[in-house]
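Thanks for sharing this one. Here are my notes, set out point by point so that you can follow along in your viewer.

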There are 2 protein chains.
Amino acid sequence: MSIHGKNFIGNKLSATSNKSSKIYDINSEDALDGDFYHATSDEVNTALQLANKAFIVYKQKTQKQRADFLDSIADEIMNLGDELIVRTMNESNLPRPRIEGERGRTIGQIKMFATLLRDGSWVEASIDTAMPERTPLARNDLRKMLRPLGVVSVFEASNFPLAFACAGGDTASALAAGCPVIVKAHSSHSGTSELIASAIIKAVKKCDMPSGTFSMVHGNGRSVGQQIVMDERVKAVGFTGSTQGGMNLFDIANKRKTPIPVFAEMGSINPCVFLPSSLKNTKKLASVYAFSITLGVGQFCTNPGLILAIKSSKLEEFKNDLAKEIINLKPAAMLSSGIQEAYETNKEEAIKQHGITVIAQALEENTIAQGRPLVASVNASEFMKNNKFQEEVFGPYSLLVECDDINELDKVVSCLDGQLTATVMGSNSEIAEHINLISNLENKCGRLLFNSVPTGVEVCHSMQHGGPFPASTDSRFTSVGTGAIKRFVRPVCFQDCPSKILPQELKDENSLNIFRLLNGEYTKNSI
Amino acid sequence: MSIHGKNFIGNKLSATSNKSSKIYDINSEDALDGDFYHATSDEVNTALQLANKAFIVYKQKTQKQRADFLDSIADEIMNLGDELIVRTMNESNLPRPRIEGERGRTIGQIKMFATLLRDGSWVEASIDTAMPERTPLARNDLRKMLRPLGVVSVFEASNFPLAFACAGGDTASALAAGCPVIVKAHSSHSGTSELIASAIIKAVKKCDMPSGTFSMVHGNGRSVGQQIVMDERVKAVGFTGSTQGGMNLFDIANKRKTPIPVFAEMGSINPCVFLPSSLKNTKKLASVYAFSITLGVGQFCTNPGLILAIKSSKLEEFKNDLAKEIINLKPAAMLSSGIQEAYETNKEEAIKQHGITVIAQALEENTIAQGRPLVASVNASEFMKNNKFQEEVFGPYSLLVECDDINELDKVVSCLDGQLTATVMGSNSEIAEHINLISNLENKCGRLLFNSVPTGVEVCHSMQHGGPFPASTDSRFTSVGTGAIKRFVRPVCFQDCPSKILPQELKDENSLNIFRLLNGEYTKNSI
């Protein structure tokens, strides 16, 4: 299959613009296959029109029908075979095992949503039956469940070209919720996106979903992205990327005639608190953390970018051990030359700050641009004076904040911005001694880890990938795990609704056998 | 008990300002008892400081302890006895049965949240147990539940001086969630608010909750209200009132360093679609709707302000019958002279619009200012040309939109703004014929009613009181019913957390006997 570079406007391919982009190999600087045609304003408008029209039909599909559709998408992605793997490797500079693993994760989460739909209980059905005899006032029959919001706009991330992209968690959860999706492809892996989009369209046709259930457009965020988010037909936005990119969308969405929710996951420095008891085996700790800091060339949103510890001779040992680990780690190419350059700039900027000391930097491997891991340290007092230290350096970088004592460490925690994750390292008894510190840390994050590293985001029911601002624009939702579906629905109450037109989930007979809150009791009983 | 007019800064009374307001009887224009001291910036700051400190302690209280606290608030409100009823009647011009009923509703909803906490399952506990042997990667132990956001700012509504006020649904749900509350009292019923605040503070002391768990301040929205919402220690806002008031808070909250959710319920015109079959008994329909339009002098947010119907001789009969009902209805004093004046102005403005015809206006009763019910009609084509017709006229007012046919009616529905409720009147078979119209109407509202009137908002699990913008700023949440608690929490995931410091709800043994999602299955089993 050759890469055509066209936009997917509903089920039709379209390339009416004379503006297009290419993607270049980061090492050879050769252009990869494909000219990607930026969507014109008309093309975007047609996609929106189709999506809005598709919503009327798509929202009336049963959960079972949507589940079959999701499974079909997963199958069609697998059917792309090795061509997908190779293209994604070329566009992302990520090694084969990572891409194969990411494909597995992507397929896995699509199928997870299909399973969720087949179970059906996630809709939070609640029924309060009529009480016509109640005094002084009768009670009406009230039945509530989660219903889809409408057209969802998804922006692909750069760092997960499959799992947070065209058929990633945002798209899968929105389609599962009953919302048509318009994806804005990321310019650094548009070929990957095209292959995935073609798989989704195959599934749309196979499952007889309306054209417009899915569209994907190329172009830059400022024009194409803005047009989509400003359009009144769009009802929610999913985004993973930079703070600036996320905040642009958030601000646009809040200034619309009708503001809409923007779920922007904008990164985090993921503080890790090393309580003194965690420094017993400094060699092991250094090895585990050096691995996590540099995993995937540090391009995970849960990268441990900040370590908080109390000064001691054991901490000095840890620094030495960490330095040894970091120096010997092989640098690797980053996702794109843009990200590579930003990493160098941000790293330079960070280590220029007053009070910072470089602990170690990995040796340069060759002349080809590569992300060299770096760890540095700073005193807590300096850290608290300068907010620059809290800015994410996207890449294999981490900063150790050295505190005089536990009180100063607690103060540092208090002044931290919101985070996706926070980690505590220490013995159970020492952790239990610092319950207020832990509680303080909990207020700052979406996921609180103990004796682990924050990289590695399990796709499951109990995952929370979303933290207080600025980690995410809305800490009440997650972008990973089954909970992600809750972003694209809202409760609707049906009062005295004729049974014939009630959604299946709310009918007396509970034919889907789902858990419902029936007059306040969780039950699978019918009425 | 005499009214002191002071601010409740945590458990202390404070009145350091030289600025104060009085409340005047709408008829006699005599001042009611009490000078209400506007909170100074320092007083507000102290309240915020106390609330933020109280959060550390209050969030660690068990659900059982918070339930006892809520029950104690309900008891203390009842202990205020008839003094509360009389003061509220004087401040609101609402009759005794309504105020006694509203007190019952207020107490009822506080106790409902206590019951919800004692049940405990609302926290959406989810546990995915560790799978250390899983390949290629082990799974960590992940446990998630809803946790309180932090300090909540509540703005009292004018139209429900008890149920949407100091100890109303916003305060009750925030305290239930584990969040300290700062109430901004409404200037039209500050004496009522003071009595209620004193009852809450008694409960705070009795239940040994930290000072700062509850505060209440007087003053105007622009200075006092803005200071609270702009403060970084505040994590969410609850508001019921005008679009302008709600949007001011929404805009401030989104421009903060860390944006926060604002749950503003800003009113609605609550469209009611009369399908032809509903016009069989026009007398009865007119009587039911005249009652709903004028209930509580039309001062309910679910007032049926818009009726959509198809032109016919039966519709002419309905108009005649409605006119007879309206003319004979007795006008009554509105909540305040400000609201009374706004009603007159908005009504005048509305009936000046091109194409509108007054169907009937109630006769003037006496020289005292009173809200005179009015109903008018307009052709659908004129309605769709002029957005002014969609602006709420807060009071006993309703507009009939006359459509040529069902297609034009569907077009009118398509151009409606978001609404709290929408109603369909018609036979079951006629309703089933118009499934796309119903689906279209569902997209516009939070609660969809059949063969009923929208006034009357049941406080229960299945209620949804919150609709698409501009009815509410966030259609995904409700301000009435148990669901209201979900506004003030966010999910937090604990990974490999030592059992000792895990919240009770997530411990292996499930001692609270709550429903939890355990490895994907809803169960009350322990692990």
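1. Let me start at a single pair of residues. In this predicted model, Leu448(A) stands opposite Phe494(B), a residue of strand 19 of chain B. The strands here are strand 18 of chain A and strand 19 (residues 489-495) of chain B, which run parallel and are joined by three bridges. As a reminder, strands of a sheet pair through backbone hydrogen bonds, either parallel or antiparallel.

2. Now zoom out to the whole sheet. It is open and has twelve strands, in the order 14(A)-15(A)-16(A)-13(A)-12(A)-17(A)-18(A)-19(B)-6(B)-5(B)-20(B)-21(B), with mixed pairing. Which strands are at the edges? They are strand 14 (357-361) of chain A and strand 21 (521-523) of chain B, each pairing on one side only. From one strand to the next, the twist averages 20°.

3. Within chain A, have a look at strand 15 (residues 374-379) and strand 16 (residues 397-403). These two run parallel, with six bridges between them. One pair to pick out is Val375(A), whose bridge partner in strand 16 of chain A is Ser398(A). Helix 10 of chain A packs on the sheet, where it touches strand 13 (306-310), strand 14, strand 15 and strand 16 of chain A. The direction of helix 10 makes about 45° with that of strand 14 of chain A.

4. Helix 10 (residues 313-328) of chain A also packs with helix 9 (residues 282-294) of chain A, at an angle of about 45° and with the axes 8 Å apart. The two helices are therefore oblique to each other, and their crossing is right-handed. Helix 9 of chain A contributes residues including Leu285(A), Ala286(A) and Tyr289(A), while those from helix 10 of chain A include Phe318(A), Leu322(A) and Ile326(A). By class, this contact has seven nonpolar, two polar and five charged residues.

5. Finally, back to the two chains. How many residues of chain A are in contact with chain B? There are 58, and they meet 59 residues of chain B. On the chain A side, the elements giving two or more residues are strand 5 (126-128), strand 6 (142-148), helix 14 (428-433), helix 15 (435-442), strand 18 (445-450) and strand 19 (489-495). Strand 19 of chain A gives the most, with six residues. The side of chain A that touches chain B divides into 24 nonpolar, 23 polar and eleven charged residues.

Terms used:
Residues are numbered from 1 along each chain as its sequence is written. Chains are lettered from A and ligands numbered from 1 in the order in which they are written. This is a predicted model: local features need pLDDT of at least 70, side-chain atom pairs count only at pLDDT 80 or more; totals for chains, interfaces and linings use all residues. Axes are lines fitted to C-alpha atoms, for helices over the stretch in contact, and angles run from 0 to 180 degrees between N-to-C directions. Helices (H or I, at least four residues) and strands (E, at least two) are DSSP runs, numbered from the N terminus. Angles under 35 degrees count as roughly parallel, over 145 as roughly antiparallel, 65 to 115 as roughly perpendicular and the rest as oblique. A crossing is left-handed if the near helix is turned anticlockwise from the far one by less than a right angle, and right-handed if clockwise. Two residues are in contact if their C-beta atoms, placed from the backbone, lie within 7 Å. Ala, Val, Leu, Ile, Met, Phe, Trp, Tyr, Cys and Pro count as nonpolar, Asp, Glu, Lys and Arg as charged, and the others, Gly among them, as polar. Two strands pair if DSSP finds at least two bridges between them.
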